[in-house]
Amino acid sequence: EKDGHDWFMRKEIFEQPRAVADSLLGRRAADGRLQLDEMRLDDAELRDIDKIIIIAAGTSYYAGMVAKYAIEHWTRISVEVELASEFRYRDPILTHSTLVVAISQSGETADTLQAIRHARMQRSKVLAICNTNGSTIPRESDGVIYTHAGPEIGVASTKGYVTQLVACYLLALYLAQVKGTLFGDEINNVMDQLDDMPGHLETVLSQAENVYDFARAHVDTTSVLFLGRHAGYPVALEGALKLKELAYIHAEGFAAGELKHGPIALIDEGLPVFCIVPPRGRDQLHDKMLSGIQEVRARGARTICLAEVDDDTIEPYADTLIRLPKVPVLLQPLVAVIPLQLFACELATAMGNDVDQPRNLAKSVTVE
Ligand code: F6R
């Protein structure tokens, strides 16, 4: 049942290319336009949306943070991302032109469910992004985009997360199509890049042994830091969450630009630091990340850097270098999260922890 793997989690990590492919299936109509079958919100309603609030918990919340970058960039609709457990208690501004997007793998998370009930009472439309057919959250929403990860057994979410990212990209592109903020060929171009993702994920998975070596070399560590920028920042947060859940050690994700505002004081001889390097582009994100890496390295950090395949600037500062396929920065979370998942799984295994059933955690949190 684990397909020869030691843990369901590891099996599910390696299932991600298939899960992503399944989540993309049937989304393009014969005329080339994007279609979202179970959406149930008509285009006229969507055209009126002037604000989006994404609500979720844990890993799903980090998928929501990535979604904000994509939706705002492609649609120019402003997006807030909010923890479901905080949402109701701050008297959020909700109108009939606010779209609330609830992201939940299980569809049963109590905080998220209460949040959508609150939103609907205020007349806002609710769209669920969910992996579980017929679960409560999609049943109580106006529309749903189902992810097709298949059942996720490991308590730590992996294939659930990457398929949520895919659904978020599809939603963003669909809204851009409805609003006319992207041309048809621009949407097709991103869809083509998404269609290439399963192969890209395989390429990253094929480097698993390098990640495992880095994990085994740090089995005695008491802390790990994760640095990212732009869409790589929420990925850093997700990497840290995976590690807390599974290895029970201190782990923290930072926006790399924040380093000098405090966190750099944490860097000490031998501290493992994950660095998610943005693609080289017209902006200066890449070069700024590079200088962050140089700074932590100069203070004794052990770096594992995830950088594009032809990026020749990182090598001198990486103790371990994982090569990422060339993808736009907005889509990079899909490939960048994989080494972080592999690392958490392997470090926890080396520590002798139960990866599939981490202490104190349940797969779906049905109490508030
Ligand atoms: C982390 C994890 C949790 C869930 C969170 C939300 O690996 O699995 O943080 O992401 O409890 O769960 P769903 O998505 O089912 O609402």
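This passage describes a five-stranded sheet and the helices that lie against it. The model is predicted, so local features need pLDDT of at least 70, side-chain atom pairs count only at pLDDT 80 or more, and totals for chains, interfaces and linings use all residues. Residues are numbered from 1 along each chain as its sequence is written, and side-chain values use heavy atoms, without hydrogens or water.

The sheet is open, with 5 strands in the order S7-S6-S8-S9-S10 and parallel pairing. Strands (E, at least two residues) and helices (H or I, at least four) are DSSP runs, numbered from the N terminus. Two strands pair if DSSP finds at least two bridges between them. S7 (250-255) and S10 (320-324) are the edge strands; each has a single partner, so one side of each lacks a neighbour in the sheet. On average, neighbouring strands are turned by 15° against each other, direction ignored. Strands S6 (residues 223-228) and S8 (residues 272-276) run parallel and are joined by 3 bridges. Leu227 has Cys275 of S8 as its bridge partner.

H12 lies across S6, S7 and S8, at about 175° to S7. Helix H13 (residues 285-298) lies across S6, S8 and S9 (302-308), at about 165° to S9. Angles run from 0 to 180 degrees between N-to-C directions, and axes are lines fitted to C-alpha atoms, for helices over the stretch in contact. Contact means heavy atoms within 4.5 Å.

H12 (residues 232-247) also packs with H14 (residues 332-350), at about 15° and with axes 9 Å apart. Contact residues include Val235 and Leu243 of H12 and Leu340 and Phe343 of H14.
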